[in-house]
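User: Got a minute to go through this one with me? I'd like to start with the strands and then get to the rings.
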Amino acid sequence: MCQAQSRKILTLVLIRESSRVLLGMKKRGFGKGNWNGFGGKVKVGEETIEDGAKRELLEECGLVAPCLDKIGELDFEFLGNPEIMEVHVFKTDSFEGIPAESEEMHPRWFSIERIPYHQMWPDDKYWFPLFLKGSCFKGHFLFEGFNKIISHSLKEVETF
Ligand SMILES: Cc1cc(-c2ccco2)c2oc(N)nc2c1
């Protein structure tokens, strides 16, 4: 018997300069202890997904990004949990402000040759290289718990 599946929309923003990427160490809550882009929930009915991404970026590290490029859509499923997390991934190389620590995140710049995959979500090692080479992508990852990927699919797409 299939379970009805619901979807939760989340955002993820990656700040990329020529040779470095800004990541945040998640200090509490979901994904605590991982380096990740900035993002989170979209305020249903209040804002567009892109506006939600901009809001989370500002809240989590104090940066203003006037324009974001949509680069990816990642569906995350967890064994035994009917809720699929639909993560919309954005990037930008133009922002205003100085990265600042928040209650949620401790920001740090990483050279693109030294991305800390061992301290990131396990799916990142699959799609981050596509982001770094400038591709757009769609992926689906089936997790067992938070650290084990049972299966995944990932493809490059032309545009969103
Ligand atoms: C299951 C999962 C969730 C997220 C997430 C939460 C909020 C925004 O993204 C991830 O981010 C990354 N890089 N892998 C992730 C896996």
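Analyst: Sure. Keep in mind that this is a predicted model. One spot to begin with is I15, which stands opposite L22 in β2.

User: Ok, and how do β1 and β2 pair, parallel or antiparallel?
Analyst: Antiparallel, over 2 bridges, with β2 covering residues 20-26. The two strands make a hairpin, and 3 residues sit between them.

User: Which way do β1 and β5 run?
Analyst: Those run parallel: 10 bridges join β1 (residues 6-16) to β5 (residues 81-92). K8, for instance, has M85 as its bridge partner in β5.

User: Switching to aromatics. How many pairs turn up?
Analyst: Searching the whole structure gives 15 aromatic pairs. Take W121 and F143: the ring centres are 5.9 Å apart and the planes are at 90°, so that pair is edge-to-face.

User: What does the pair tie together?
Analyst: Parts that are 22 residues apart in sequence, because W121 is in the loop between β6 and α2 while F143 belongs to strand β7 (residues 136-144).

User: Buried or exposed, that W121?
Analyst: Buried, at 11% relative accessibility. F143 counts as buried too, at 1%.

User: Which residues form a cluster with them?
Analyst: W121 and F143 belong to one aromatic cluster that also has F30, F76, F78, Y126, F141 and F146.

User: Last thing, cations over rings. Where does R20 lie?
Analyst: Over the face of W109, 3.8 Å from the ring centre.

User: And what does K70 sit over?
Analyst: Its charged end is over the ring of F160, at 4.5 Å from the centre.

Notes: Residues are numbered from 1 along each chain as its sequence is written. This is a predicted model: local features need pLDDT of at least 70, side-chain atom pairs count only at pLDDT 80 or more; totals for chains, interfaces and linings use all residues. Side-chain values use heavy atoms; hydrogens and water are left out. Two strands pair if DSSP finds at least two bridges between them. Helices (H or I, at least four residues) and strands (E, at least two) are DSSP runs, numbered from the N terminus. Rings of Phe, Tyr and Trp (its six-membered ring) pair if their centres lie within 6.5 Å; planes under 30 degrees apart count as stacked, over 60 as edge-to-face and the rest as tilted. Buried means under 20% relative accessible area, exposed over 50%, partly exposed in between (1.4 Å probe, protein chains only). A charge sits over a ring if NZ of Lys or CZ of Arg is within 6 Å of the ring centre and within 35 degrees of the ring normal.
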